[in-house]
Amino acid sequence: MNPNKTTIYELLLKQINSLIVDEIPDEGNICNILGQMKKELDLFWAGLYIKKGDKLGLGAFQGLPACTVIKWGKGVCGTAASTAKTMIVEDVMDFPGYIACHEETTSEIVIPGFQNGEVTFVLDVDSEKKAAFDTTDQHYLEQITAIISRFVN
């Protein structure tokens, strides 16, 4: 694991836990988590796509307006959802069937979120830098996705 990233993520996890408030709607907690992630990790975009039938619909996010509906099994988000596995894409232009929501995105990591053993959403994280994500990001973003799953209805 990258020691510098590890330090940043350990601090981010503490910040996220301090931001969670029981007295606000779940969406408020999700937005605060995503906002803190975007700031601390210097991300281009971070957001959720929520399972709705055989599609993923845009949920809470931080960044520019994004694609609103993604078919299950299509693009990076749909593939991560259908395989129930984290997808790390070093260069999105090399991903077959990539769905370009923003021309600025060059690398991406998508983490499936689970409730009762089933994928119910994905956390989509985009960077303007190529090969921005690695197994350190995967390790910590999977933990953050588990925290977010408490607030996805």
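How much of helix H3 (residues 75-83) is buried, and how is the helix placed relative to the rest of the structure?

## Helix H3

Seven of its nine residues are buried, so H3 is largely enclosed by the rest of the structure. Here buried means under 20% relative accessible area, exposed means over 50%, and partly exposed covers what is in between (1.4 Å probe, protein chains only). Helices (H or I, at least four residues) and strands (E, at least two) are DSSP runs, numbered from the N terminus. This is a predicted model: local features need pLDDT of at least 70, side-chain atom pairs count only at pLDDT 80 or more, and totals for chains, interfaces and linings use all residues. Residues are numbered from 1 along each chain as its sequence is written, and side-chain values use heavy atoms, with hydrogens and water left out.

The buried residues of H3 are Gly75, Val76, Cys77, Gly78, Thr79, Ala80 and Ala81. They pack against strand E1 (45-52), strand E2 (55-62), strand E3 (69-71), E4, E5 and E6, with contact taken as heavy atoms within 4.5 Å. Right after H3 comes Ala84, which has a positive phi near 60°.

## The cavity beside it

One cavity of 30 Å³ or more turns up, with a volume of about 130 Å³. On a 1 Å grid over the protein atoms alone, a cavity is a set of points where a 1.4 Å probe fits but cannot get out, while a pocket is an open set with protein on both sides within 12 Å along at least five of seven lines; lining residues have an atom within 4 Å of a point. Grid points are joined across faces, edges and corners, and a volume is the space filled by probe spheres set on the points.

The largest cavity has 14 lining residues, and Cys77, Ile99, Cys101, Glu108 and Asp124 lie nearest its centre. H3 shows up again here: it gives the most to this lining, with three residues, and E1, H3 and E6 each supply at least two. Sorted by class, the cavity lining has nine nonpolar, two polar and three charged residues. For that sorting, Ala, Val, Leu, Ile, Met, Phe, Trp, Tyr, Cys and Pro are nonpolar, Asp, Glu, Lys and Arg are charged, and the others, Gly among them, are polar.

## The largest pocket

The largest pocket has a volume of about 200 Å³. Its lining includes Lys5, Ile8, Tyr9, Glu40, Leu41, Phe133 and Asp137. Helix H1 (3-19) and helix H2 (26-41) are the elements that give two or more residues to this lining, and H1 has the largest share, three residues. By class, the pocket lining comes to six nonpolar, one polar and five charged residues.

## Nonpolar cores

A nonpolar core is a set of buried Ala, Val, Leu, Ile, Met, Phe, Trp, Tyr and Cys residues joined through side-chain atoms within 4.5 Å. The largest one has 26 residues, of which Ile33, Met37, Leu123, Leu141, Ile144 and Ile148 touch the most other members. H1, H2, E1, E5, E6 and H4 each put at least two residues into this core. Take Leu141: leaving aside neighbours within four places in sequence, Leu141 is in contact with Tyr9, Met37, Leu41, Ile109, Ile111, Leu123 and Val125. Apart from the largest core lies another, of 19 residues, with Tyr49, Val110, Val119 and Val122 among them.

## Salt bridges

There are six salt bridges, each a side-chain nitrogen of Lys or Arg within 4 Å of a carboxyl oxygen of Asp or Glu. Asp91 and Lys130 pair up at 3.1 Å, N to O. Asp91 sits in the loop between strand E4 (87-89) and strand E5 (107-115), and Lys130 in the loop between strand E6 (118-127) and helix H4 (135-148), so the pair ties together parts that are 39 residues apart in sequence. Asp91 is buried at 16% relative accessibility, whereas Lys130 is exposed at 57%. Elsewhere, salt bridges that share partners join Lys5, Asp134 and Asp137 into one network.

Glu40 bridges to Lys39, with the closest N and O atoms 2.9 Å apart. Glu40 is partly exposed, at 24%, and Lys39 is exposed, at 61%.

## Positive phi values

Most residues other than glycine have a negative phi. Asn116 has a positive one of about 55°; Asn116 sits in the loop between E5 and E6 and is exposed at 84%. Ala131 has a positive phi near 50°, and its place is the loop between E6 and H4, where Ala131 is partly exposed at 43%.
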